[in-house]
Amino acid sequence: MTTTTDRDDLLVPVPADADLAVRVRGLRKHYGETKACDGVDLDVVRGEVVALLGPNGAGKTTTTEILEGYRHRDGGEVSVLGVDPGKGDRHWRTRLGIVLQSANDLGDLTVEESLRHFAGYYPSPRGIDEVIEAVGLVEKRRTKGFDLSGGQRRRLDVALGIIGSPELLFLDEPTTGFDPEARREFWELIRSLRGLGTTILLTTHYLDEAEVLADRVAVISRGRVIACDVPARLGGRDESLATVSWREGDDPRTERTHEPTRFVQELSARLGGEIPSLAIHRPSLEDVYLSLIGDDHEDAS
Ligand code: ATP
């Protein structure tokens, strides 16, 4: 679908005067022979939700942990809320909210006690009741961490990530272990945080989550961002051919076209009205993502 020559078209830049919460240029981090970050470039504009997608081992966690100030980099420029994370002080840290992949170990405290404990670290924390309600743990507020289900513990992690009213929230696979209803509720929570102006960098393996939540999606593969755009346009998705499928008698038929509406009108006229088993398929975010990753791995071999 893509070629090495059109690679720059896949990286749509933000406006030059954008107010950036995160700016990364040429980020490098190597572990021996493994190039976990091999020249990552990434911008996150203040107030937007950016989803970081990529296969296992692509470098997402390494990148975000460098942005969070938890890992040192080998090279490149990184600015997070105007500060080099390698030199971030305590005040800078209170402006971040971080939800890591692994759960917090606060098993012997209740939900309420955990939140009260963490709220004490921040200069202007959110109200504890407000946060408990936002993450849907009202009925579990007096339950100890180790008596929560996996999904409920994850909600508590999210609650701890937002208790400090962060300007920038890092969410690393936040809905892993959530049931479908809890995921929908979580999405509402993210939308409301975004509405309050919180900038969010979300790492997820769920393409539907990225599509629903993200203003822009960055695809990372082999330690580099290989595509970055709004979900509807990622990888030229908006310009891709639509596939129209239908049946004529017993025969399944398909046609790939840039003009599915016109094609269907003509087909309907030809068939005299109703078109049997009509379906129109446009590439989903998942189709485009898999194609980008597949092309990048072909380039490598
Ligand atoms: P996943 O989706 O599986 O979480 P990821 O995109 O977050 O993957 P990273 O965890 O950033 O990927 O890992 C990138 C590469 O760096 C992998 O090859 C991994 O094995 C390697 N790596 C990460 N941390 C270390 C470490 N502390 N020591 C050695 N190698 C590491």
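A polar contact is a pair of N or O atoms within 3.5 Å; within protein, one must be able to donate a hydrogen and the other to accept it, and residues adjacent in sequence count only if both atoms are side-chain atoms. The model here is predicted, so local features need pLDDT of at least 70, side-chain atom pairs count only at pLDDT 80 or more, and totals for chains, interfaces and linings use all residues. Residues are numbered from 1 along each chain as its sequence is written, and side-chain values use heavy atoms, with hydrogens and water left out.

**Exercise 1.** Find polar contacts between the ligand and Gly-57, Gly-59 and Thr-61.

*Solution.*
- Start with the backbone: a polar atom of Gly-57 is 2.8 Å from a ligand oxygen.
- Next, a backbone N or O atom of Gly-59 lies 2.9 Å from an oxygen atom of the ligand.
- Then turn to a side chain: an N or O atom of Thr-61 is 2.5 Å from a ligand oxygen.

**Exercise 2.** Classify the ring pair of Phe-178 and Phe-186, then decide whether each residue is buried or exposed.

*Solution.*
- Recall the rule: rings of Phe, Tyr and Trp (its six-membered ring) pair if their centres lie within 6.5 Å; planes under 30 degrees apart are stacked, over 60 edge-to-face, and the rest tilted.
- The centres of Phe-178 and Phe-186 are 5.8 Å apart and the planes stand at 90°, so this pair is edge-to-face.
- For burial, under 20% relative accessible area means buried, over 50% exposed, and in between partly exposed (1.4 Å probe, protein chains only).
- Phe-178, at 10%, is buried, and Phe-186, at 5%, is buried too.
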